[in-house]
Number of protein chains: 2
Amino acid sequence: SALTLPASYLGQVNGRVLVKNPHLDLMEEDVLYHLDLGTKTHNLPAMFGDIKFVCVGGSPNRMRAFAQFMQRELGLAGAGEDVADICAGSDRYAMYRAGPVLSISHGMGIPSISIMLHELIKLLHHAKCRDVTIIRIGTSGGLGIEAGSVVITDTAVDSSFQPRFEQVVLGDVVVRSTELDKDLAEELLACSRDIPDFPTLIGHTMCTYDFYEGQGRLDGALCSFSSEKKLEYLRRAYDAGVRNIEMESTAFAALCGLCGLKAAVVCVALLDRLEGDQIRASHEVLWEYQQRPQRLIAAFIRKRLGLCPTD
Amino acid sequence: SALTLPASYLGQVNGRVLVKNPHLDLMEEDVLYHLDLGTKTHNLPAMFGDIKFVCVGGSPNRMRAFAQFMQRELGLAGAGEDVADICAGSDRYAMYRAGPVLSISHGMGIPSISIMLHELIKLLHHAKCRDVTIIRIGTSGGLGIEAGSVVITDTAVDSSFQPRFEQVVLGDVVVRSTELDKDLAEELLACSRDIPDFPTLIGHTMCTYDFYEGQGRLDGALCSFSSEKKLEYLRRAYDAGVRNIEMESTAFAALCGLCGLKAAVVCVALLDRLEGDQIRASHEVLWEYQQRPQRLIAAFIRKRLGLCPTD
């Protein structure tokens, strides 16, 4: 596929995942501390060199279930059996693989996903992976959409509805772009047309640093605003094109973009925030909702691998 | 103990944990979603009404180990046996109890600890807890101190070394104080004098949104600065009184302060950042380091409960 970034830009060259850090070449060993992996203790090219898809999500249980689901979907040996946590030596993140698919948890919020992504991108670099697509499959609050809808993000925006991510570097703020791969988003939307039992749409995703006050919830330990002010804010977000709210997409888009990874964000809405704040659906309903992005991504990966009869 | 906050201020009145959210009283039910607890599904006063100490830390395994350690230290029945995860229905956080001590994991970073604290503070409120002390026992990077040193935070500061936490509320930034309880910090330092086998000190703790670029590390997937610029930044932090760096203390201090919880932050330094970036000590050494804040807090709780012969 054509490299659309300027040649001077960091990113995938000939499909390789690149890091832009001149210090890394000088290090004798790279300890990926929070993943409990390292260049001297593990043969990363042998373990990960053939990875083509990386799927990330907040919850470790959900990402284990996704790896098991992908084993079945790809018809892999061992399907139905338990999968091993590659990062078992650390309880910061969980990592599983199913064929060419890596499934990793990232916890909640920008700082947590950011640590994981730095170490994952170095892992893909050390492993000499090529042509990797990375997708965040998550949960979110919807905005003016039915609970259970799946949103494919076209642009991740901050709490002022701007497509930017502010990264502090040595005490100074650096502003980064949060654009995601538009072709990949369209490809995912096309896949969704074969799954008619839930609505899928493309829209902006707002990313916040806080679940309660930051997302205008009335049910936190602190709340200083009225229901009217909350709805006024959420309606302004809707008018700016926001269709769901979560807590990782801007940092994910910025970091993956800078390293040239083709990236997408696909989240299910657990509720419509214009209707309420509390997530009150039953465990069973929520579990089925959380499977929707997984089913969409499985269809996408099967299609990419030529496993679909209609392909 | 005297209430030093003005009467109009939210906080503990007669020792009660108070929330300042007028909407909560109007809710028929409060679902603490990420803890998998709720006011209708659980008898929170019966489950938690006698809690006096809440200890929080990033890693679920470490917080389970702390609960087991406290069971032994307090001479409780069941000591040595496994402890049950009270939040087993959610894999976002893990929660254990040992007598009057609650031990909870909060994941990594401000957004993650913030979700947990909102729900924990509401839990303590619903459970009608009184005179609760909350302590974060964590890991950190040291600054000009020996690896393995334990830092008791007097003030949590941001990446510009300012004692403030910026909270976005409906898209606007609200600045909050990050002061911690000075008497509690001194009480903890006094306890440390009985544990001579590791150094303990009081200092400022810098809290960042990122582990790599935000803390001036040279070993992330991205790094745009030189080793000299890094050391210049870290030395400025040292000169401002910073002795360690972690990723939760400002939000923890701000939220607990606003709700009148007496709060402390006690973190072990896993390395000296003036010496390097990578955490390369063995699992065994790191495990022993991580027990140091736990041992200090155990001594403090035993003293508070009158379980020390010298008390």
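**Chat: helix packing, a binding site and cysteines**

Author: Let's start with two helices in chain A of this predicted model. Helix α2 (residues 60-73) of chain A packs against helix α7 (residues 283-304) of chain A at an angle of about 40°, and their axes are 10 Å apart.

Reader: What does that angle make α2(A) relative to α7(A)?

Author: Oblique, because angles that are neither under 35 degrees, over 145, nor 65 to 115 count that way. So α2(A) is oblique to α7(A).

Reader: And which residues make the contact?

Author: From α2(A) you've got A:R62, A:A65, A:F66, A:F69, A:M70 and A:E73. On the α7(A) side, the residues include A:W287, A:Q290, A:Q294 and A:I301.

Reader: Left-handed or right-handed crossing?

Author: Right-handed, as α2(A) passes α7(A).

Reader: OK, switching to annotation. What domain does UniProt place in chain A, and where?

Author: An unreviewed UniProt entry puts "domain: Nucleoside phosphorylase" at residues 52-302 of chain A. That span is 34% helix and 27% strand, and its end C-alpha atoms lie 12 Å apart.

Reader: Which residues does the "binding site" annotation cover?

Author: A:Q215 and A:R217, again according to an unreviewed UniProt entry.

Reader: Where is A:Q215?

Author: In the loop between β10 (200-207) and α5 (227-239) of chain A. The loop between β10 and α5 of chain A is also the place of A:R217.

Reader: Is A:Q215 buried or exposed? And A:R217, buried or exposed?

Author: A:Q215 counts as buried, at 3% relative accessibility. A:R217 is buried as well, with a relative accessible area of 2%.

Reader: What is A:Q215 in contact with, leaving aside neighbours within four places in sequence?

Author: A:T208, A:D210, A:L234, A:I245, A:E246, A:M247 and A:R273. With that rule, the contacts of A:R217 include A:C223, A:F225, A:R273 and A:D277.

Reader: You mentioned a cysteine. How many disulfides does the structure hold over all chains?

Author: Zero, over all chains.

Reader: Why no bond for A:C223?

Author: Because the closest cysteine sulfur, in B:C259, is 12 Å from the sulfur of A:C223, which is too far for a bond. The cut-off for a disulfide is sulfur atoms within 2.5 Å. A:C223 is also buried, at 4% relative accessible area.

Reader: And why none for B:C129?

Author: Distance again: its sulfur is 13 Å from the closest cysteine sulfur, in B:C259, so that's too far for a bond. B:C129 counts as buried too, at 0% relative accessibility.

Note on methods:
Residues numbered from 1 in each chain as written. Chains lettered and ligands numbered in written order. Predicted model: local features only at pLDDT ≥ 70, side-chain atom pairs only at ≥ 80, totals over all residues. Heavy atoms only, no water. Buried < 20%, exposed > 50% of the residue type's maximum accessible area, 1.4 Å probe, protein only. UniProt positions renumbered as here; feature names shortened; annotations may be inferred. Helix = DSSP H or I, 4+ residues; strand = E, 2+ residues; numbered from the N terminus. Axes fitted to C-alpha atoms, helices over the stretch in contact; angles between N-to-C directions. Left-handed = near helix turned anticlockwise from the far one by under 90°. Contact = heavy atoms within 4.5 Å.
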